[in-house]
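Got your viewer open and a selection box ready? Let's take a walk through this one, stop by stop.

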Amino acid sequence: MKARTEYLTLHLPTRRGFVNITPEVRRVVEESGVREGMVLVNAMHISASVFINDDESGLHHDYEVWLERLAPHAPVDQYRHNDTGEDNADAHLKRQVMGREVVVAVTAGQLDFGPWEQIFYGEFDGRRKKRVLVKVIGE
Amino acid sequence: MKARTEYLTLHLPTRRGFVNITPEVRRVVEESGVREGMVLVNAMHISASVFINDDESGLHHDYEVWLERLAPHAPVDQYRHNDTGEDNADAHLKRQVMGREVVVAVTAGQLDFGPWEQIFYGEFDGRRKKRVLVKVIGE
Amino acid sequence: MKARTEYLTLHLPTRRGFVNITPEVRRVVEESGVREGMVLVNAMHISASVFINDDESGLHHDYEVWLERLAPHAPVDQYRHNDTGEDNADAHLKRQVMGREVVVAVTAGQLDFGPWEQIFYGEFDGRRKKRVLVKVIGE
């Protein structure tokens with residue numbers, strides 16, 4: 001069995017945003033030498049997500065509006081988590097809707113993707129450095 | 001390490017619906033010859049889900065009503081994604097709630113399931129052919 | 001390839017609650033002898049979740065309030081699933097928001113975690129015994 005682990009660094013200037021990390025994941029898969037296996041991609045921070053969907057800016061706007069409706073940032077005092085001095089309780093909720101991780105099949109040395117699948121980092125409490133783990137296992 | 005990859009084709013006549021794909025996944029696991037490992041099952045399309053829950057029609061009705069409340073299809077012009085000519089923005093939202101994929105343990109050559117676990121394909125923008133990837137790895 | 005499978009038993013005295021199961025998962029990983037691989041942790045029951053987030057009681061309170069707003073328990077007759085004699089339809093909905101499973105990288109024999117990641121069992125229909133599956137594969 002082969003394994004390769006890499007940590008991507010993300011640092012968004014805004015509180016929220018989406019970043020397409022497919023090229024980085026593809027590079028790690030290629031460098032791993034794995035032909036048949038799986039790759040795990042996960043946020044290492046609990047106020048961020050990794051998910052797969054469309055690279056279309058209108059949709060990203062829709063996600064932003066929708067998540068803010070499901071789990072509003074303000075008023076921050078509606079959340080007991082924010083009594084600890086944080087203001088990011090909503091980020092922990094939004095991240096559960098969008099998910100922590102994706103697992104993608106590696107077939108013939110490539111990400112085994114459908115026609116529109118792209119891997120995104122979803123930031124819900126940015127303006128600081130965070131990491132994404134990429135782990136490939138297989139043969 | 002052994003690996004086996006298969007692509008299931010789904011074509012629902014309706015916009016939305018749920019299909020129990022457990023028998024197909026079980027067959028792929030058996031044909032893989034893997035005794036100890038994992039199987040990944042994921043939608044290859046970004047307006048569909050794969051998830052595990054109960055095979056009970058009342059619950060599926062409840063999911064339909066609930067998802068339509070969380071992310072309504074109409075009016076379609078409430079979503080910027082639909083400015084591209086699509087009318088399926090709600091499908092991309094619903095799929096995030098229900099999830100893209102499941103990973104199931106394979107133990108002693110079988111799906112290692114709890115008493116009621118069944119694998120479902122969740123369609124949110126049907127009336128066309130879509131695919132589900134099944135990948136088994138292990139030994 | 002090495003593999004190890006264990007089943008944790010959970011029995012919460014309340015309908016809903018969150019339990020930090022990180023120590024048990026860590027023990028299984030250590031006992032597996034796997035240095036490089038992945039560990040799958042999933043609820044084996046369809047009205048419960050396994051997820052990764054913060055071990056902070058204020059946040060858990062926020063999750064409880066938020067999930068009850070997204071998918072209220074009462075009135076129980078709002079759900080067709082409950083026509084079967086159950087009263088736990090809301091639990092099947094809440095579990096989809098929080099997720100069934102997590103997959104965590106194992107690197108150098110350890111859970112490859114970010115600074116605050118902890119693994120939780122989320123119960124939405126307790127007062128009875130349930131199980132969580134922990135499966136490690138790798139080398």
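Start by selecting B:E36 and C:K135: they form a salt bridge, with the closest N and O atoms 2.6 Å apart. A salt bridge here means a side-chain nitrogen of Lys or Arg within 4 Å of a carboxyl oxygen of Asp or Glu. The rule finds two of them across the interface of chain B and chain C.

Before moving on, some housekeeping. This is a predicted model, where local features need pLDDT of at least 70 and side-chain atom pairs count only at pLDDT 80 or more, while totals for chains, interfaces and linings use all residues. Residues are numbered from 1 along each chain as its sequence is written, chains are lettered from A and ligands numbered from 1 in the order in which they are written, and side-chain values use heavy atoms, with hydrogens and water left out.

**Stop two: the rest of the B–C interface**

Now select everything in chain B that touches chain C. You should get 35 residues of chain B in contact with 32 residues of chain C, contact being heavy atoms within 4.5 Å. The area buried between these chains is about 2,500 Å², and carbon and sulfur atoms give 60% of that. Buried area is the accessible area (1.4 Å probe) that two parts lose on being put together, summed over both. Which chain B residues lose the most area to chain C? Highlight B:M38, B:D62 and B:W66, which together make up 22% of what that side buries.

Turn on polar contacts next: 18 residue pairs, both members at pLDDT 80 or more, turn up across the interface of chain B and chain C. The rule wants a pair of N or O atoms within 3.5 Å; within protein, one must be able to donate a hydrogen and the other to accept it, and residues adjacent in sequence count only if both atoms are side-chain atoms.

**Stop three: the A–C interface**

Swing round to chain A and chain C. This contact takes 32 residues from chain A and 35 from chain C. Pick out A:M1, A:I46 and A:Q96, which supply 24% of the area that chain A buries against chain C, more than any other three residues. Then zoom in on A:R100 and C:E117, a salt bridge whose closest N and O atoms are 2.7 Å apart.

**Stop four: the axis**

Try laying chain A on chain C: a turn of 120° and a shift of 0.0 Å along the axis gives an RMSD of 0.0 Å. The two copies are thus related as by a three-fold rotation axis. The superposition is by least squares on the C-alpha atoms of residues with pLDDT of at least 70 in both. To find the axis from chain A, select A:V97, the residue of that chain that comes closest to it, at 3.3 Å (C-alpha). From chain B, go to B:V97, which comes closest of its chain's residues, at 3.3 Å (C-alpha).

**Last stop: the cavity**

Which residues lie nearest the centre of the largest cavity? Select A:G99, B:G99, B:E101, C:G99 and C:E101, part of a lining of 36 residues.

Key
1 Å grid on protein atoms, 1.4 Å probe; cavity = no way out; pocket = protein on both sides within 12 Å on 5 of 7 lines; lining within 4 Å.
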